[in-house]
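Please open the model in a viewer and keep the sequence panel visible. The tour below proceeds by selection, with a short account of what is found at each stop.

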Amino acid sequence: ESGCKVTVYKWEFSGLKILFDTVEKCILPIWNAEHRQNSVIVYMIWWKVKNEENKKRLLYLLEYIKEEGIYKKIDNIDMTKPNSINMSTKEDINILLNSDEELKYNISRLAMILADLQNKKQKGGEIDLSTGKYALYRP
């Protein structure tokens, strides 16, 4: 939903997109203690990934991001295309990745590139790691 934050494993993203046919909407009513007088019930809504392959893709991506220590820099993840991953950082840097066997390697390259850009105080632009051996940065 627009304007909502997405939390995955205690990491907050401004957006997380995965293929729609792979998720199932779950709704859980929760008693809101702050509104006891008004007897307000709030609902926690989450999405459960049905497709195991897409679930693995997401979990591996999150694991690699955590291993490289860049999870606090990532703001948005888009996995709506089966073979690619688009992400963005809090510094408005767009990241293009292939979702393949090189994902772990590319996330480690991404961590080095983001550290270099941060040292240079560079914000914005695009890092393209989907073209093969070379990483491309466009300001």
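Where does Y134 lie? In this predicted model, Y134 is found in the loop between β9 and β10. Select Y134 and display its surroundings: apart from neighbours within four places in sequence, Y134 is in contact with R109 and D128. Y134 counts as exposed, because its relative accessibility is 59% and the exposed class begins over 50%. Its partner R109, by contrast, is listed among the buried residues of α2.

**The whole chain**

Next, colour the chain by secondary structure. Two helices and ten strands should appear. Followed along the sequence, these elements give the pattern β-β-β-β-β-α-β-β-β-α-β-β. Of the 139 residues in the chain, 32% count as buried. Among contacts with a separation of 6 or more, 43% join residues 24 or more positions apart. With the surface switched on, the chain exposes about 9,400 Å², and carbon and sulfur atoms supply 51% of that area.

**Helix α2**

Select residues 103-119, which form α2. This helix has 17 residues, and the distance from its first C-alpha to its last is 24 Å, close to the 24 Å expected at 1.5 Å a residue. Show the side chains of L103, N106, I107, R109, L110, A111, L114 and L117, which are the buried residues of α2. These residues pack against α1, β7, β8, β9 and β10.

Continue to K121, just after α2. K121 is placed in the loop between α2 and β9. Its phi is near 55°, a positive value in a residue other than glycine. K121 is exposed, with a relative accessible area of 72%.

**The nonpolar core**

Return to the interior and select L61, I77, M87, I107 and L110. These residues have the most contacts inside the largest nonpolar core, which has 22 residues. At least two residues of this core come from each of α1, β6, β7, β8 and α2. The largest share, six residues, is supplied by α2. As background, nonpolar side chains in soluble globular proteins tend to be buried together.

Centre the view on I107. Not counting residues up to four places away in sequence, I107 touches L61, Y64, I65, E68, I70, M87 and L97. Two of these, L61 and M87, are also among the core residues with the most contacts.

**The tyrosine pair in α1**

Now select residues 52-67, the helix α1, and display Y60 and Y64. How are these two rings arranged, and at what distance from centre to centre? The chain has one aromatic pair. Y60 and Y64 form this pair, and it is stacked, with 6.1 Å centre to centre and 10° between the planes. Y60 and Y64 are about one helical turn apart, because they are separated by four residues in α1. An α-helix has 3.6 residues a turn, so residues three or four places apart point the same way.

The two tyrosines fall into separate accessibility classes. Y60 counts as partly exposed at 42% relative accessibility, whereas Y64 counts as buried at 15%. The cut-off for a buried residue is under 20%.

**Strands β6 and β7**

Select residues 74-79 for β6 and residues 84-89 for β7. The two strands pair in the antiparallel sense over four bridges, and a hairpin joins β6 to β7 through four residues. To follow the pairing, mark I74, which stands opposite T89 in β7.

Then select S88 within β7. Is S88 buried or exposed? S88 is buried, because its relative accessible area is 15% and the buried class lies under 20%. Leaving aside neighbours within four places in sequence, S88 is in contact with K73, I74, D75, N76, I93 and N94. Of these contacts, I74 lies within β6 and I93 within β8.

**The loop after β7**

The last stop is D92, in the loop between β7 and β8. What is the phi of D92? The phi of D92 is near 60°, a positive value in a residue other than glycine. D92 counts as exposed, because its relative accessibility is 59% and values over 50% define that class. K121, visited earlier, likewise has a positive phi and is exposed.

How values were computed:
Residues numbered from 1 in each chain as written. Predicted model: local features only at pLDDT ≥ 70, side-chain atom pairs only at ≥ 80, totals over all residues. Heavy atoms only, no water. Buried < 20%, exposed > 50% of the residue type's maximum accessible area, 1.4 Å probe, protein only. Contact = heavy atoms within 4.5 Å. Core = buried A, V, L, I, M, F, W, Y, C linked by side-chain atoms within 4.5 Å. Pairing = 2+ DSSP bridges. Expected span 1.5 Å × (residues − 1). Areas by Shrake-Rupley, 256 points an atom, 1.4 Å probe, with all protein chains shown as cover. Phe/Tyr/Trp six-rings, centres within 6.5 Å; stacked < 30°, edge-to-face > 60°.
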